[in-house]
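Take a walk through this fold, strand by strand. We begin with a sheet, move to a second set of paired strands, and end with charged side chains.

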Amino acid sequence: GGAGATNSTGAVILTGRSITTGSINTTGRSDLAGQNVTFTGQAAGTTTVNGTITTVGGTDTVAGVGRAGGTVNITGGTIAINAAINTSGSAAFAGSNNNGGAAGAVTLNAIGAVPTVTLGAGITANGGAAATAGAAR
């Protein structure tokens, strides 16, 4: 089994035959990208997400680009997503004429004998808003 992590300053990596998690929040601190979340279950196991996974980019506080959301990679024989996943980028600094941060990728990889992914909640992967003449991602 796995555990929940809140306001992690680094990536969260869980490995095991079967993995069950609560909420995980690896939102970037100010001016930092969201950190990655990886669950690696075995083909004979089940990977279950029961709490929200949030890996959004941190708030940009200097004249610069928005920060990217972290990636979410979930592997297991059977995968059950029972709570929302958000990997969105943050907005660029207001008035900075820069792009918003890119969304992080989400990969759900079922590898069991009868690979199954059950999506019981939404996945959000939006690019952050641009400032002035920059482009949203």
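**Sheets and salt bridges**

Four strands form an open sheet in the order S2-S5-S8-S11, and their pairing is parallel. Strand S2 covers residues 12–16 and strand S11 covers 106–110. These two stand at the edges. Each has a single partner strand, so one side of each is left without a neighbour in the sheet. On average, neighbouring strands here are turned by 5 degrees against each other, direction ignored. The model is a predicted one.

Look at one edge in detail. S2 and S5 run parallel and are joined by five bridges. To find the register, start at Val-12: its bridge partner in S5 is Val-37.

Now turn to strands S6, S9 and S12. Strand S6 spans residues 46–49, and strand S9 spans residues 78–81. The two run parallel, with four bridges between them. Thr-46 has Thr-78 as its bridge partner in S9. S9 also pairs with strand S12, residues 116–119. Again the sense is parallel, and again there are four bridges. Within this pairing, Ile-79 stands opposite Val-117 in S12.

Next come the charged side chains. How many salt bridges does the structure hold? There are two. Arg-67 forms one of them with Asp-31, where the closest N and O atoms are 4.0 Å apart. This pair links distant parts of the chain, with the two positions 36 residues apart in numbering. Arg-67 sits in the loop between strand S7 (53–54) and strand S8 (72–76). Asp-31 lies in the loop between strand S4 (24–25) and strand S5 (37–41). Both loops thus lead into strands of the four-stranded sheet, S8 and S5.

Arg-67 has a salt bridge with Asp-60 as well. Here the closest N and O atoms are 2.9 Å apart. Through shared partners, Asp-31, Asp-60 and Arg-67 are joined into one network.

Are the two acidic partners buried or exposed? Asp-60 has a relative accessible area of 7%. The cut-off for buried is under 20%, so Asp-60 counts as buried. Asp-31 has a relative accessible area of 22%. That value falls between the cut-offs of 20% and 50%, so Asp-31 is partly exposed. The network therefore includes a buried aspartate, Asp-60, and a partly exposed one, Asp-31.

How values were computed: Residues numbered from 1 in each chain as written. Predicted model: local features only at pLDDT ≥ 70, side-chain atom pairs only at ≥ 80, totals over all residues. Heavy atoms only, no water. Buried < 20%, exposed > 50% of the residue type's maximum accessible area, 1.4 Å probe, protein only. Pairing = 2+ DSSP bridges. Axes fitted to C-alpha atoms, helices over the stretch in contact; angles between N-to-C directions.
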